[in-house]
There are 2 protein chains.
Amino acid sequence: VDEFELIRRYFLRAGGNGADAGVEIGIGDDGAVLAPTPGLHQVQVIDTLVEGVHFPAHLDPSDIGFRALAVNLSDIAAMGAVPRWMTLALSMPHADEEWLEAFAGGLFTAAGEFGVALVGGDTTRSPVLVVSVHISGEVEPGSALRRDGAQPGDTIFVTGTVGDAAAGLAGLVGGSPVRDLVRRFTRPAARVRYGRALVGHATAAIDVSDGLFGDLAKLLTASGQGAELSIDRLPLSPALIANFGMDECRRFALSGGDDYELCFTSAGQPPDAGIVPVTAIGRVTSGSGIVCYDGDTVVPYADEGYLHFREERD
Amino acid sequence: VDEFELIRRYFLRAGGNGADAGVEIGIGDDGAVLAPTPGLHQVQVIDTLVEGVHFPAHLDPSDIGFRALAVNLSDIAAMGAVPRWMTLALSMPHADEEWLEAFAGGLFTAAGEFGVALVGGDTTRSPVLVVSVHISGEVEPGSALRRDGAQPGDTIFVTGTVGDAAAGLAGLVGGSPVRDLVRRFTRPAARVRYGRALVGHATAAIDVSDGLFGDLAKLLTASGQGAELSIDRLPLSPALIANFGMDECRRFALSGGDDYELCFTSAGQPPDAGIVPVTAIGRVTSGSGIVCYDGDTVVPYADEGYLHFREERD
C-alpha cells in the first residue's frame, strides 16, 4: 500500500472531497481550494503531537486522532473563532491499516463534533509518529480574542476544571489510571462554543495547554500586567480530589498542562451561556508577575508549566 | 532555551508579526488572524520533510529551510495561485541555535523571494527532524489549475529540465556530488510565476515531486485519459547529460522525483511569459496508461516514480 492509497482509503471520507461548505476542491489535487466567507477574517493554527513527547507510546490511535484535532480546536476556541477546515501532516514508521482506521475514526469523531472538514494532507514515512494538524477558522473582523488586552482590575476566569488531564496522564504512565482523569487527557473538550460566547466580553484569552500558571503568565506578559491568583479557588474535579492530596491537586492544576480549558480576563461577569462552568480565580494587577494566595496568605509558587527543551535550560 | 524563546528568537523576524499584508495578528497569540482578499478563493497546501527520508541527514540546515518552503510553493504553483501566508511545524531532537539560525535563514530566503509571510507555528521536541510547512495562497474563483481537465489531443508540456535533482541527490549520497545538479535538489525553483501564467491556458497541471512519469500518471488518472510520451524529447540539462549515460538520464528524468517543475496539458501553445523554458513531451489520448515512445519506437516503461511505503507493497 503506497501513501496515496492510504490517503484515499482513510482520509477521503464522506465530506472530505468537496462536499463540505466552502470547499471548492478537496483532497486529491496539489492543493485544496476554499471559499472564505465574505467579510470574515481567518484564524489559522498549527500544532504538533509527537509520540513519546506529547503522549505515551501505544496510546489508543483513536485517542491520538481525536486529541490531534482537539488541541488545535482549543487554539481556535482561544481566538473566539469558528473552526472550518483542516489539513493533516501525518508521519509514521509503518503504514499499519488497523492503526490508520482507528486514528481516522478518532480524528473524524472530533471533526464531526465541531463541523471541521478535512481538505488536504500529506502522509510520509518517519522513524517516529508525528502528527501536525492545521486548522483554519473564521471570525468577525476585530473580534478575535487576543492575549494582550487584560487590564488592571479585570477578573481572571477559567472554564471547567483544571489538573485532571495531567493527573490522568500521570496515572496512565504510572500504571494506576483513573478512568475519568485519563479521559480528560485522551479526549480533551475544546471550548469552541464558549470561546465564541466570549467575543465582546473577554479582554484577553488563552487556552490552557502548558499549565494554568504558565499560560496565565503568557497572557499577562502579552498584556503587560501582573495578577493575584487565588489557588484555593482553583476549580478541581471530584475525581481529582478523590485521588490526590490537596497539594498535589494544586500542582496538577497550576502546572500540569493538557487541560485545554480557556483562561480569560473580563471587566464584568463572564457570559453564562450554559455551556461550561466558569470560575473566578484571581484579579489582574498593574505591574508584572503572579502572586499566589491561599485565602489571605501569600504562597510562593514559581513553576512555569511544562516547557519543551526545558532540560537544556536547567 | 525553551521552545517559546526559540520561536521568538528565530521566527519572530521582520514581517513575521503583523507587519505583512493581510496579517491582522501574527506569531505570538493562540492563532494568526488573516484578512483574505475580498473576492478571491484560498488555496491551502501542506507538505512534510523528514530527515533521512526526504533528504540526507546533515544536509545544510539553510538548504532544509529553503527546501521545506519551496516544495510547498511548488504545490501552490501547480494550482495557479499566489502564495501569501505560511505556518511552520518544526520538530527536532535538540534546540541547536546555530542550526536554527541557518534553517531560518534558508526559510526566509525563500519566503522573501516569493512574498510569503510566516504567521504562526509550533516547535516541539522529537527524536527526528520533521518539518511541516502549510501555505495559504489566493486565486480567482474558478481559476485554480486542476489535475482533472486534460482532454484527448491536448499537448503535454513540462517546464525547465527534469532529472537533475534526483541525479544531484544520488551524487550527494554516493559521494560524487555534481554542484549544478545538487543545487537543483537543495534549492528547487518553485514555478510560481509560470503557474500564474498558466491560468486560463492549461487544461490540467501538476507539480513534479515524485517523478515525471508517476506524476503525469496521476494527472491522467484524475482526468480519465491516457497519453503518448516521447522520452526522446525529455528536457535534459547539460550537467545531467555530461555526467550520465542517456538511459540513466532518462530514468532520472522519468522517475527521479524532486524536480518541482510543472507538468501541464494545453489545447494550444503554452504561454511564453519569458519565465522558464517549456518543452512539449507528449499528447493526451483517450483511454488510460502512458505509452512511451523513443522516436517512432514504443519503449516499455513501468516505473511509477518514488512512492513512500513502497517496500511494503512490493
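What follows is a walk through the overall build of chain A, one helix pair that turns up in chains A and B, and a serine in chain B. The model is a predicted one.

Chain A comes first. Its secondary structure amounts to 10 helices and 13 strands. The radius of gyration of chain A is 20 Å, close to the 20 Å that the globule rule gives for 314 residues, so chain A is as compact as a globular protein of that length. Measured out along the principal axes, the C-alpha trace of chain A covers about 65 × 50 × 40 Å. Of the 314 residues in chain A, 60% are buried. As for how the chain folds back on itself, take the contacts in chain A with a separation of 6 or more: 85% of them join residues 24 or more positions apart. On the outside, chain A exposes about 11400 Å², and carbon and sulfur atoms supply 49% of that area.

Within chain A, helix 2 (residues 61-78) and helix 3 (residues 97-114) pack against each other, with axes that come within 6 Å and cross at roughly 35°. This crossing in chain A is right-handed. On the helix 2 side, the residues in contact are A:Pro61, A:Ser62, A:Ile64, A:Gly65, A:Phe66, A:Leu69 and A:Leu73. They meet a set of helix 3 residues that includes A:Trp99, A:Phe103, A:Leu107, A:Glu113 and A:Phe114. Sorted by class, this contact in chain A has 12 nonpolar, four polar and one charged residues.

Chain B has a helix pair to describe as well. The axes of helix 2 (residues 61-78) and helix 3 (residues 97-114) of chain B come within 6 Å, crossing at roughly 35°, and the crossing is right-handed. Helix 2 of chain B brings residues such as B:Ile64, B:Phe66, B:Leu69 and B:Leu73 to the contact, while helix 3 of chain B brings, among others, B:Trp99, B:Ala102, B:Phe103, B:Gly106 and B:Leu107. The tally for this contact in chain B is 12 nonpolar, four polar and one charged residues.

Still in chain B, B:Ser230 sits in strand 9 (residues 226-230). B:Ser230 counts as buried because its relative accessibility is 13%, and the cut-off for buried is under 20%. Leaving out residues up to four places away in sequence, B:Ser230 touches B:Ile281, B:Gly282 and B:Tyr293. B:Asp294 is 64 residues from B:Ser230 in sequence, yet the two are 5.9 Å apart in space, C-alpha to C-alpha.

Conventions. Residues are numbered from 1 along each chain as its sequence is written. Chains are lettered from A and ligands numbered from 1 in the order in which they are written. This is a predicted model: local features need pLDDT of at least 70, side-chain atom pairs count only at pLDDT 80 or more; totals for chains, interfaces and linings use all residues. Side-chain values use heavy atoms; hydrogens and water are left out. Axes are lines fitted to C-alpha atoms, for helices over the stretch in contact, and angles run from 0 to 180 degrees between N-to-C directions. Helices (H or I, at least four residues) and strands (E, at least two) are DSSP runs, numbered from the N terminus. A crossing is left-handed if the near helix is turned anticlockwise from the far one by less than a right angle, and right-handed if clockwise. Contact means heavy atoms within 4.5 Å. Ala, Val, Leu, Ile, Met, Phe, Trp, Tyr, Cys and Pro count as nonpolar, Asp, Glu, Lys and Arg as charged, and the others, Gly among them, as polar. The radius of gyration is taken over C-alpha atoms; the globule rule is 2.2 Å times the number of residues to the power 0.38. Buried means under 20% relative accessible area, exposed over 50%, partly exposed in between (1.4 Å probe, protein chains only). Accessible areas come from the Shrake-Rupley method with a 1.4 Å probe; for residues, only the protein chains shown count as cover.
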